[in-house]
Every structure is written in C-alpha cells, then in structure tokens.
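Here are my notes for you, point by point. Keep the picture open while you read.

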Amino acid sequence: MAERWLPVSVIFLGVLSLYCAASADNSGIKKMKMQFATGPLLKFQIWVFEEYMQVLYQRYPDIRIEGENYLPLPLYRHVASFLSMFKLALIGLIIIGKDPFALCGMQAPGIWVWGQENKIYACMMVFFFSNMIENQCMSTGAFEITLNDVPVWSKLESGHLPSMQQLVQILENEMKMNVPMDTLPHHRS
C-alpha cells in the first residue's frame, strides 16, 4: 500500500521544493531587461547591449540581464507584413507577364509597360523600394531599459543611449532605494 503513495509523494515534494526555491530565489534578485530596436540599427544596438551586459555583470553579479527586440506598434507590423506579401505578388506578376489591368478592363499604365519590357530592373526596384518601406515600418529606434519591470531609461523619450556612467548611476540609486530599513545605519540625535 505504501508503494502506491511513493510516486505521488515524490512528485508532491518535488513540486513543493520547486515552488519554494522559485519564491526564495526571486526575492533578492534584480531583473534588468533591455529592449532594442529592430531594423537597420539592430547590429549596433546588439553590440551596445552586449557591452553593457559585460560591464554590469562584472559590477553586479547578482543582476539577471535579458535582451529582446522592441517591437513596433501592431499597425506598423501589419503594414510591413502586407508589403512583404504584396511585393512577392507584384514580382510574380512581372515575371509571369500577366497584365492585371486587362482583367479589370483598364489600359495598362506606362510604368507597367516599362516593367514588362525591363523585368529585371522592375523586379529589383519593387524589391528594394518595398524593403526600404518595410524597414521604416519595423524600425523603432528604441533602447528601453527596465529594472524589475519598472522603466529606468527610454531612448524614445531621451533621444539617446545612456552612457555607461548613467546606467551605473541608475543602478546605484535603485540599489540604495531598495535596501531594507533594518540594514540602514541608525542615526542618534
């Protein structure tokens, strides 16, 4: 009979220990999240994130730092997605040579006629022009930093990246503000 309860009790103890460990570990650990822009500035902002992360880990080994993309508004993401599909359809129509205007009973505009005569150039123009607009839609220029889900820096608001000194000062101020009251030195009057 005790053999039947052994697996259940082991699972119960395992879940209980995981819950206790998770609640105990997260109480003192600070979590910093850096969100950076997608698009043309992505490589530079990833490099900045990695540099900041290395310096901050050396100075504050108990902080957990995460990095992720800062997504643009859903409207811009949908526009970029639509343009991506429209670009492929338009390039396909150019290559196939079908006139979509004839289906509507319209005369083909001059740019369409030119595109049929110069298919390679037309496809390249559609591709690069569409990519340029898609990148504009997806690029936010953001470099947002939160500490324990509280915003501490916004490139969108300030217009620039924080210097390493500014970031360290922000963390120092946050550490001072979150020190428990019983560990502060008492002053006598």
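1. What pLDDT does the chain average, and what share of the residues score at least 70? This is a predicted model, where local features need pLDDT of at least 70 and side-chain atom pairs count only at pLDDT 80 or more, while totals for chains, interfaces and linings use all residues. Residues are numbered from 1 along each chain as its sequence is written, and side-chain values use heavy atoms, with hydrogens and water left out. Now the answer: the average pLDDT (the predictor's confidence in each residue, from 0 to 100) is 80, and 76% of the residues score at least 70.

2. Confidence varies along the chain. Among its elements (helices are DSSP runs of H or I with at least four residues, strands are runs of E with at least two, numbered from the N terminus), helix H3 (residues 74–96) has the highest mean pLDDT, 94. Helix H1 (residues 2–28) has the lowest, 51. Over residues 180–189 pLDDT stays under 50, and the model has one contact (heavy atoms within 4.5 Å) beyond four places in sequence for them.

3. Next, the sheet. It is open, with four strands in the order E2-E1-E3-E4 and mixed pairing (two strands pair if DSSP finds at least two bridges between them). E2 and strand E4 (150–154) each have a single partner strand, so one side of each has no neighbour in the sheet. E1 and E3 run antiparallel, joined by five bridges; Met32 has Leu147 in E3 as its bridge partner. Helix H8 packs on the sheet, touching E1, E2, E3 and E4. Its direction makes about 150 degrees with that of E1 (axes are lines fitted to C-alpha atoms, for helices over the stretch in contact, and angles run from 0 to 180 degrees between N-to-C directions).

4. Now look inside. The largest nonpolar core (buried Ala, Val, Leu, Ile, Met, Phe, Trp, Tyr and Cys residues joined through side-chain atoms within 4.5 Å) has 20 residues. Buried means under 20% relative accessible area, exposed over 50%, partly exposed in between (1.4 Å probe, protein chains only). Met32, Met34, Tyr52, Leu56 and Phe143 touch the most other members. H8 gives the largest share, five residues. A second, separate core of seven residues includes Ile91 and Trp112.

5. Last one: is Ser130 buried or exposed? Ser130 sits in helix H6 (residues 119–138), and it counts as buried because its relative accessible area is 7%. Leaving out residues up to four places away in sequence, Ser130 touches Leu83, Lys87 and Met125.
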